[in-house]
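Here is a short briefing on one protein chain and on how two of its helices pack. Look over the sequence and the model first.

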Amino acid sequence: LNWLSNRLKTIRLLSSQKPLLEDIDERFAILEQNGIENLAQMQDALKTKNRLQELSRQTSLPPEYLSLLRREVNSLIPKPIPLKDFPRINQDTVHQLDAIGIKTTAQLFPHVLTAPERQAFAQENQVDDQDLLILTKLTDAARLKWVGPLFARLLVESEFDTVEKIL
């Protein structure tokens with residue numbers, strides 16, 4: 001949570017987001033005291049209206065504040081993109097991955113974190129290595145905020161084909 005707190009303090013917030021800064025240190029300390037130590041736990045605790053209301057009762061934090069916090073946390077966690085939504089992808093490869101239960105970027109990402117893992121995964125599942133490399137780059141680019149399937153494709157086809165090159 002320190003990362004999120006520091007991020008909120010240092011980024012330029014919209015006027016509608018500025019209430020997130022009110023008593024931020026105290027409010028984040030209260031969240032930590034209630035067992036919320038990372039983004040995943042916070043996202044889970046704020047997932048539904050009922051959970052948000054329950055956390056508000058437990059912590060005495062205003063539900064409006066928690067709702068704003070939920071929007072910010074959800075914006076930081078990339079939404080999985082169906083692999084079939086990327087333009088100009090070999091559909092045979094997409095079907096092969098689909099057959100082993102991999103339909104989205106979130107499902108593919110853990111298998112292709114490094115070149116050796118990607119190559120082993122391609123070999124194990126008889127997936128074309130070049131097709132998998134392209135999907136890996138698209139999956140990586142799609143993790144960035146506001147990058148969807150079309151923009152990811154544009155990035156991958158440019159000189160900015162990895163997150164490291166973009167950042």
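Angles under 35 degrees count as roughly parallel, over 145 as roughly antiparallel, 65 to 115 as roughly perpendicular, and the rest as oblique. The model is predicted: local features need pLDDT of at least 70, side-chain atom pairs count only at pLDDT 80 or more, and totals for chains, interfaces and linings use all residues. Residues are numbered from 1 along each chain as its sequence is written, and side-chain values use heavy atoms, without hydrogens and water.

**Helix pair α9 and α10**
- Helix α9 covers residues 129-142 and helix α10 covers residues 149-157 (helices are DSSP runs of H or I, at least four residues; strands are runs of E, at least two).
- They pack at an angle of about 120°, with axes 9 Å apart (axes are lines fitted to C-alpha atoms over the stretch in contact; angles run from 0 to 180 degrees between N-to-C directions).
- α9 and α10 are therefore oblique to each other.
- On the α9 side, the contact (heavy atoms within 4.5 Å) is made by Ile134, Lys137, Leu138, Ala141 and Ala142.
- α10 contributes Ala152, Arg153, Leu155 and Val156.

**Whole chain**
- The protein chain has 11 helices and 0 strands.
- Its C-alpha atoms fill a box of roughly 55 × 30 × 25 Å along the principal axes.
- Buried residues (under 20% relative accessible area, 1.4 Å probe, protein chains only; exposed is over 50%, partly exposed in between) make up 36% of the 167 residues.
- Among contacts between residues at least 6 apart in sequence, 54% join residues at least 24 apart.
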